[in-house]
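Got the viewer open? Here is a short tour, one selection at a time.

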Amino acid sequence: ARSVRRTFRVRGGMLVPDRNIVAVDDVSFEVPAGGVLGVVGESGCGKSTLARLILGLLPPTAGEIVVDGQRVADMDRRARARLIQPVFQDPFASLNPRRRVRDIVGLPLAAQGGLSRREIASQVEAMLERVGLARDMADRLPTQLSGGQRQRVAIARALVLRPRIVVCDEPTSALDVSVQAQILNLLAELRRDLNLTYLFISHNLAVVEHVATEVAVMYLGRIVERAGTEALFRAPQHPYTRALLASVLTPEPGLGVPDVGLGDSLPDPANIPGGCRFHPRCPVAIDRCRHVAPSLTRLPTGIVECHLVVA
Ligand code: SF4
Ligand code: MG
């Protein structure tokens, strides 16, 4: 992704003027083939917008998303589907309740054209087996499956075209904790076996630490820190990353990002503070932070945007 920016125009009501929301602001990153870039941040930080941009479901206002040297914006739907696929949080919402599992998983193949029904059926069966679903699941409806089984169906549908990149947006957040681990292990196994690259979006830092090779921390639409997973969790540089990590050490570890150390109000994406956008909540802000936006500092371990971090 190169300098990607996406703004939304939000229509105001009687008392609220129209506002421009910059959901993703000048974000650039590369993910090496076979890697997992974890994207973390509070709700409203732009994670899901970033996912939709990468998937080509939303056009960027500026900048470009490039996969293997090809601009996503230049691809047609079918080419894009062969390259990038999503796995979303709620498989129930993303699976057509009236279609049987075999048709749900077969649909991307049918949409590509050129395959016989028999070929589609055999690829679907192989993929269902690959994601750990028994044969008799193929004739069931989504309502006849457990949450974990539904997410396996969603994964099978995402992988049936053998894409290079899978964008996972909170893929386990709707599942019971025991099932979460199974799905995460399945995703890890599939990545190794099929040489997939993941963009893995989650508010759950424990999950990201477990699956990601590299982590990007988003705050109000910008990546404020990016580093290898081990370095980021061992030695976070940005004050926001530190606050996020500290907030995990509360009585319910891993259950999300509570407000400890971050104040009780989520930032308003329509009203981004001047200077460093984190300054109103930053415990170590200096005067300069209110007026001057920090530029990007490259460290041996990654990148950080903070006045207090120097190379
Ligand atoms: Fe805090 Fe200033 Fe660094 Fe922003 S630039 S994170 S306000 S210290
Ligand atoms: Mg989201």
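**Stop one: helix α6**

Select residues 147–159 to light up helix α6, which has 13 residues and runs 19 Å from its first C-alpha to its last, close to the 18 Å expected at 1.5 Å a residue. Bear in mind as you click around that this is a predicted model.

Now color by burial. How many of the 13 residues in α6 are buried? The count is 11, so α6 is mostly covered. The buried set is Gln149, Arg150, Gln151, Arg152, Val153, Ala154, Ile155, Ala156, Arg157, Ala158 and Leu159.

**Stop two: the neighbor, α4**

Add residues 101–112, which make up helix α4. Two packed helices are described by the angle between their axes and the distance between the axes. Here the axes of α4 and α6 come within 7 Å and cross at roughly 25 degrees. Angles under 35 degrees count as roughly parallel, so that is the label for α4 and α6. The crossing of α4 past α6 is right-handed.

Next, show side chains where the two meet. On the α4 side, pick Val101, Ile104, Val105 and Pro108; on the α6 side, pick Val153, Ala156 and Arg157. By class, this contact has 6 nonpolar residues, 1 charged and no polar ones. Val153, Ala156 and Arg157 are also among the buried residues of α6.

**Stop three: Ala110**

Stay on α4 and click Ala110, which is found in this helix. Ala110 counts as partly exposed because it has 13 C-beta neighbours inside 10 Å. Finally, draw a C-alpha to C-alpha distance from Ala110 to Ile120: they sit 10 residues apart in sequence and 7.2 Å apart in space.

Note on methods. Residues numbered from 1 in each chain as written. Chains lettered and ligands numbered in written order. Predicted model: local features only at pLDDT ≥ 70, side-chain atom pairs only at ≥ 80, totals over all residues. Helix = DSSP H or I, 4+ residues; strand = E, 2+ residues; numbered from the N terminus. Expected span 1.5 Å × (residues − 1). Buried ≥ 20, exposed ≤ 12 C-beta atoms within 10 Å, placed from the backbone. Axes fitted to C-alpha atoms, helices over the stretch in contact; angles between N-to-C directions. Parallel < 35°, antiparallel > 145°, perpendicular 65-115°, else oblique. Left-handed = near helix turned anticlockwise from the far one by under 90°. Contact = placed C-beta atoms within 7 Å. Nonpolar A, V, L, I, M, F, W, Y, C, P; charged D, E, K, R; others polar.
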